[in-house]
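Me: Got a minute to go through this one with me? I'd like the helix packing and a couple of residues.

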Amino acid sequence: MSVEGKAKEAAGYIKEELNEHGKSAESQKKAQEGRDLRNEGRVEDGKAPKTTKPGTTGH
């Protein structure tokens, strides 16, 4: 696992969490950017991207 991949995943997670409950288009855009960054980091580390609905555990 790369440090860069882990950092991207963590930063993306934080960005998504901070913005996912906002109702504005800007909040939703930032939440999507966070998901994209998180998934980029996951792919770099050889993990599958998260595809579940944001805010769910995926079960």
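Reply: Sure, here are the helices and then two residues, bearing in mind that this is a predicted model.

Me: Start with H1 and H2. How do their axes cross, and within what distance do they come?

Reply: H1 covers residues 3-19. Its axis and that of H2 come within 7 Å and cross at roughly 160 degrees.

Me: Parallel or antiparallel, then?

Reply: Roughly antiparallel. The cut-off for that label is over 145 degrees, so H1 and H2 qualify with roughly 160.

Me: And the handedness of the crossing?

Reply: H1 and H2 make a left-handed crossing. The residues of their contact divide into 12 charged, 7 polar and 4 nonpolar.

Me: Next, the loop between H1 and H2. Is His21 there buried or exposed?

Reply: His21 is exposed, because its relative accessible area is 62% and the cut-off is over 50%.

Me: How far is its C-alpha from that of Ala31?

Reply: The C-alpha atoms of His21 and Ala31 are separated by 8.6 Å. Along the chain the two residues are 10 apart.

Me: Switching to Asn39. Where does it sit?

Reply: In helix H2, which spans residues 25-44.

Me: Buried or exposed?

Reply: Asn39 is buried. Its relative accessible area is 15%, and buried means under 20%.

Me: What does Asn39 touch, leaving out residues up to four places away in sequence?

Reply: Pro49 and Lys50.

Me: Which atom of Lys50 lies 2.7 Å from a polar atom of the Asn39 side chain?

Reply: The backbone nitrogen of Lys50.

Terms used:
Residues are numbered from 1 along each chain as its sequence is written. This is a predicted model: local features need pLDDT of at least 70, side-chain atom pairs count only at pLDDT 80 or more; totals for chains, interfaces and linings use all residues. Side-chain values use heavy atoms; hydrogens and water are left out. Helices (H or I, at least four residues) and strands (E, at least two) are DSSP runs, numbered from the N terminus. Buried means under 20% relative accessible area, exposed over 50%, partly exposed in between (1.4 Å probe, protein chains only). A polar contact is a pair of N or O atoms within 3.5 Å; within protein, one must be able to donate a hydrogen and the other to accept it, and residues adjacent in sequence count only if both atoms are side-chain atoms. Contact means heavy atoms within 4.5 Å. Axes are lines fitted to C-alpha atoms, for helices over the stretch in contact, and angles run from 0 to 180 degrees between N-to-C directions. Angles under 35 degrees count as roughly parallel, over 145 as roughly antiparallel, 65 to 115 as roughly perpendicular and the rest as oblique. A crossing is left-handed if the near helix is turned anticlockwise from the far one by less than a right angle, and right-handed if clockwise. Ala, Val, Leu, Ile, Met, Phe, Trp, Tyr, Cys and Pro count as nonpolar, Asp, Glu, Lys and Arg as charged, and the others, Gly among them, as polar.
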